[in-house]
2 protein chains.
Amino acid sequence: MTIEHLKELATNCRGDILKMTSVANSGHPGGSMSSIDLLVTLYSFANVFPNDPWNENRDRIIISHGHISPAVYSTLAAYGFVDREKVISGFRHPSSIFEGHITRGIPGVEWTTGNLGQGLSAGVGMALAAKFKNKDYHVYVLMSDGESAKGQVTEARRTASKYKLNNLTVIVDYNDIQISGRAKDIMYVDLKKEYEAAGWKTIEIDGHDYEQILSALKIAKKDNSPTVIIAHTIIGKGVSFMEDKPDYHGKPLNREELEHALNELNIENDIEKFIKIRDSLPIVEHEKIKLEYDVKINTGKPRIYTEKTDNRTALGRAIADLAINNNNVVAVDCDLKGSVKLNILDKERPDRIIEIGVQEHNAAALAGALSVEGFVTFFADFGVFGIDETFNQHRLNAINHTNLKVVVTHCGIDVGEDGKTHHALNYISAPTSWFGFKVIVPVDPNQTDRVVRYVASRYGNFVVAMGRSKLEPIKKEDGTIFFDENYEFKYGKIDVLREGNDAVIITMGSIIPHAIKAVDELKREGIDVALLNVSCPLDLDEETLARYSRTKILVLEDHNVFNGLGKMIEAKLFEMRILPEKFLKVGIDRFPVSGDYKYLFKLFGLDKEGIIKNIKILFEE
Amino acid sequence: MTIEHLKELATNCRGDILKMTSVANSGHPGGSMSSIDLLVTLYSFANVFPNDPWNENRDRIIISHGHISPAVYSTLAAYGFVDREKVISGFRHPSSIFEGHITRGIPGVEWTTGNLGQGLSAGVGMALAAKFKNKDYHVYVLMSDGESAKGQVTEARRTASKYKLNNLTVIVDYNDIQISGRAKDIMYVDLKKEYEAAGWKTIEIDGHDYEQILSALKIAKKDNSPTVIIAHTIIGKGVSFMEDKPDYHGKPLNREELEHALNELNIENDIEKFIKIRDSLPIVEHEKIKLEYDVKINTGKPRIYTEKTDNRTALGRAIADLAINNNNVVAVDCDLKGSVKLNILDKERPDRIIEIGVQEHNAAALAGALSVEGFVTFFADFGVFGIDETFNQHRLNAINHTNLKVVVTHCGIDVGEDGKTHHALNYISAPTSWFGFKVIVPVDPNQTDRVVRYVASRYGNFVVAMGRSKLEPIKKEDGTIFFDENYEFKYGKIDVLREGNDAVIITMGSIIPHAIKAVDELKREGIDVALLNVSCPLDLDEETLARYSRTKILVLEDHNVFNGLGKMIEAKLFEMRILPEKFLKVGIDRFPVSGDYKYLFKLFGLDKEGIIKNIKILFEE
């Protein structure tokens, strides 16, 4: 494409940016105008296919500052990925896929962004995927200077260097304006020095000079390291009264301003046409964009554990089994492989473990991106880091409808001595904030083994959460293995571990071994208590609940009692219009102290004696 | 203190580190041994007072890698801050304050750490506090090389440079070993280059050479910029078989190893004595350490709004009023001052706004630290950044029992066109994970004004959450202002905005204006519906709930319906053993699309028409 042609396209795109934001009376024209020359040039240079947008050999283009959606949509329309009229008339309308921030699944859009600073991590994930797949596609990440202050960006940079991702290029739209003023004044980021400190090659260019942009893209594609192109730009570029002004960051032009601007650009003002179309759009939600792929995986032969084992070992063993049987399984570790038992994978299939160090935000986001590239991706971590620390990264993964398996160990006070900073107490509640995530809390090594193979075989996001300590495999009353070779995991099913008519204990995870002992002792005393294992707390099995909930109920949890299993069961029984005779819930209601987990279970009334005492409270008048 | 004396102290501390971890059979001896020379020297050099540990002129020492607690406790014991026998016998026992990770409030401990990478932000907060208070104390942050990979650390570095914090010194224990092996191999961080890129002065030393340590501390204290001392150390230093081995990162010595080690150190093995004491300790939680201070604040004269105003303006106005009336009020902004209305403060009291840019993790943590230094601290942000993105930072603030006011705007679909990445839907549920946090959702500008003044006057952590759009001040049926000059905010109280006998709508925040219109219209149709405003969803007022909950209930929320107000009311009514005739809850059950908030309210059945329709469903057979 000639420079002249690029210039013409960019001018038309500038017009479209201004039109769609004015038609919607909402959006971000300023940064769109500073990025547009970069975008138009990039989409012409990159190996992308408007008529076959998801071709697996395509270059991946990620726009990290998703609020410049007008620039992205106008570029995609200019190259024929999407329909221009639909873009300009539908922008930010509920019936349109052209939302305020760009959405994965629109032809040409690889990743939903909007929460700043996460795009480079996604780019690293996709660049790693290329290496795993032996593909030579290139990954481009366009980002803003303002978001470059996010710490997660530095984590992603180092990761790119570690994995020698020469197939990764970052372009920074350095317009030096963010919402509150000059980027330099608000929080100075010495981009060149920072990227160099991380081992990247840097190129500085004028981001409005097509020849310089093309030349930099060529160098970046060929060199043998990740490269950043720092493109100096002007916000609002192309319209005199918008240039270098922060005012138009998030504010569209009014009608009069638009008239002036289009006049300057020598573009006809035809927005009435688009407004008319917009006014006729129905107030409905646009159809969901299909984002799933078929997961082809051999889940292998389940393993049966008969000896005392921690669930972590069953987890690590099953992941390694899956990776040996399949080429599309990877795991991401944050310097805890010995504890989360990815050391088994590391030994048996070292090419399928990615070690990110203490950089959880980056790790969670790149794991999400890897998962949409066809890899069943396990993100393994302690509960506090894999859930609490990465809360918003998983929210964005959920928005991206990824295929991520968040497997967290060391949940609850079962962790013991490491104390309250390390007691993960929100592993079932936090995921309720990530629409579509399912949560499974397997109770013993046998159920863990089956659950890991199950989640690997289903597209979608799962949390699999477990404690730390070793435990005997759960057995039936006759002493045989409960989750034996005939057991098949069914999502949502409640396991009835013990039958009983006088009361029921409903619990999950690491409390079960204590509860079994308590139930067995209570039976000897003549109190006949049933025991239910809830491995899927977010999707409670109403049938089993109804059957056991008419008498006295004790809910126990090694979890925050203000938002955990007890509350979920209360709400569910209320919805089912069931008020049992008596109800008591016991869990963690304060930051715990540090101590042997057996002591902590005792302090919270969750050991055998505490459980018996709590059951007896239910029988008091 | 002579070098000879330092050496002797450090040797004794090494012995104590090994003893306490072996007595507890838990803990992190390796990193403790590499840090101990730095710690012993630092506590001798710094201006700290064992007999007056909270003297307001003391230097602040923050240990970011809280797992080296054995090193910290042994140092504190050596200098007389705490009792040595209690440390060695009680370490990691529930009845002891000497927990697995160091805890704020132990004499000499300024900040609870354990989640890596947050300590430097806390140090920046305390160094900023010194500037605000015109104090010349110095802030020292000791951290590990492994945690230096956390992105938040780079955010904190830049902030220190921006605010020219020459009263801040970082010491990195660079032992080049983390859990999984060499730090260099796991995730290389070029510390010198990175700190220099952020404008810091760097000094490299041998971290086991007392003269070099002292000399570096002297230089760092005097120079006019923040300085990092990169101290090259050896993990396990002092015991031949532990040196440079990752094995002892998180594993104590067994009895035989301990015997060898103490022998090498020429220290008597007297652990039997400590084990005996430990065995006699009761299995109880140690007493809480008192961490609050008296908040002295003039809350000023409330403002009454009679015109359509957004809550954000009332928020920003009240914060500015407070800062004008008091010297102990500060606010932290993340490049959104125009949107969260800190621009009023910025205009009227520019010395009390701290601008952190797009670095929310660092901002949230430094705001927490500022708040324990006597400042009523407002951390203002959009809901998705101030709640979701900073989830784990606030969890650590909660653990530190800070005095932080997290004021978040742009909550819910009320945000409209920016779409799902920007719709904060967990602003009442996420804080249930942070024990002690209270949540307030003020409904209109008048209540917002009163709530802001209220939270400023109470020690403790609060979330104050609001939407974006402008709304009429809530009025009584007679047309007068509801939250008028006689109104006093009472935490937990439910406001009865409309009386009614046939049904009740229970809701909060931005839905109320729509609900009032619906209720008024329903009354005209002969359906008599009460309307309750829940401004404190985590502490539901049982008396009011009971009075209105016998008939038909409709709960509405601009919040995730799976973990929000509806679920909380279901659980509460269940606990109160109330089953109303009919119950329906309506909220956000999927990621919303992008669009005008009025359209989105319609799509989710939350506008006037939707509410009327939902009420009528309750009256169907």
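# Notebook: sheets, rings and a core

I began with chain B of this predicted model, where five strands make an open sheet with mixed pairing, in the order E16-E18-E17-E19-E20. I looked up the edges next: strand E16 (494-498) and strand E20 (582-588) of chain B each pair on one side only. From one strand to the next, the twist averages 20°.

Inside that sheet I picked one pairing to follow. Strand E17 (residues 503-507) of chain B runs parallel to strand E19 (residues 552-560) of chain B, and four bridges join them. For a residue to click on, I noted Ile505(B), which stands opposite Leu554(B) in E19(B).

**Over to chain A**

I then turned to the open sheet of chain A, whose five strands come in the order E16-E18-E17-E19-E20, again with mixed pairing. Its edge strands are E16 (494-498) and E20 (582-588) of chain A, each pairing on one side only. Neighbouring strands here are turned by 20° against each other on average, direction ignored.

This time I followed an antiparallel pair: E16(A) and strand E18 (residues 529-534) of chain A, over four bridges. Arg498(A) has Leu531(A) in E18(A) as its bridge partner. I also checked what lies against the sheet, and found helix H19 (residues 512-524) of chain A packing on it. H19 touches E16, strand E17 (503-507) and E18 of chain A, and its direction makes about 165° with that of E18(A).

**A helix with no exposed side**

Which residues of H17(A) are buried? I went through them one by one: Phe391(A), Asn392(A), Gln393(A), His394(A), Arg395(A), Leu396(A), Asn397(A), Ala398(A) and Ile399(A) are. That is nine of the nine residues of helix H17 (residues 391-399) of chain A, so the helix is largely enclosed by the rest of the structure. Just after H17(A), I noted that His401(A) takes a positive phi of about 45°.

**Rings**

I looked up aromatic pairs next, and there are 37 over all chains. One that I wrote down joins Phe435(A) and Phe562(B): the ring centres are 6.0 Å apart and the planes stand at 70°, so the pair is edge-to-face. This pair crosses between chains. Phe435(A) sits in the loop between strand E12 (404-409) and strand E13 (438-440) of chain A, and Phe562(B) in the loop between E19 and helix H21 (565-575) of chain B.

Are these two rings buried or exposed? Phe435(A) is buried, at 10% relative accessible area, whereas Phe562(B) counts as partly exposed at 44%.

I set a pair within chain B beside it. Phe241(B) and Tyr248(B) are edge-to-face, with 6.3 Å centre to centre and 70° between the planes. Here Phe241(B) is partly exposed, with a relative accessible area of 25%, and Tyr248(B) counts as buried at 9%.

Ring pairs also build a cluster, which links Phe391(A), Trp434(A), Phe437(A), Phe391(B), Trp434(B) and Phe437(B). Phe391(A) had already turned up in my entry on H17(A), as one of its buried residues.

I then looked for charges over rings. Arg157(A) lies over the face of Tyr195(A), at 4.1 Å from the ring centre. In chain B, I found Arg157(B) over the face of Tyr195(B), also at 4.1 Å from the ring centre.

**The nonpolar core**

Which residues touch the most other members of the largest nonpolar core? Among its 314 residues, the answer is Phe378(A) and Phe378(B). Helix H5 (residues 119-133) of chain B gives the most to this core, with nine residues.

I listed the contacts of Phe378(B), leaving aside neighbours within four places in sequence. Among them are Ile319(B), Leu322(B), Val329(B), Val330(B), Ala331(B) and Val332(B), and further along the chain Lys405(B), Val407(B), Val452(B), Val455(B) and Ala456(B).

**One last residue**

I closed with Ile106(A), which is found in the loop between helix H4 (84-90) and helix H5 (119-133) of chain A. At 0% relative accessibility, Ile106(A) counts as buried, the cut-off being under 20%. Its contacts, again without neighbours within four places in sequence, are Trp54(A), Tyr73(A), Leu76(A), Val82(A), Ile97(A), Phe98(A) and Ile289(A). I also took a distance to Pro442(A): Ile106(A) and Pro442(A) are 336 residues apart in sequence and 37 Å apart in space, C-alpha to C-alpha.

Definitions and conventions. Residues are numbered from 1 along each chain as its sequence is written. Chains are lettered from A and ligands numbered from 1 in the order in which they are written. This is a predicted model: local features need pLDDT of at least 70, side-chain atom pairs count only at pLDDT 80 or more; totals for chains, interfaces and linings use all residues. Side-chain values use heavy atoms; hydrogens and water are left out. Two strands pair if DSSP finds at least two bridges between them. Helices (H or I, at least four residues) and strands (E, at least two) are DSSP runs, numbered from the N terminus. Axes are lines fitted to C-alpha atoms, for helices over the stretch in contact, and angles run from 0 to 180 degrees between N-to-C directions. Contact means heavy atoms within 4.5 Å. Buried means under 20% relative accessible area, exposed over 50%, partly exposed in between (1.4 Å probe, protein chains only). Rings of Phe, Tyr and Trp (its six-membered ring) pair if their centres lie within 6.5 Å; planes under 30 degrees apart count as stacked, over 60 as edge-to-face and the rest as tilted. A charge sits over a ring if NZ of Lys or CZ of Arg is within 6 Å of the ring centre and within 35 degrees of the ring normal. A nonpolar core is a set of buried Ala, Val, Leu, Ile, Met, Phe, Trp, Tyr and Cys residues joined through side-chain atoms within 4.5 Å.
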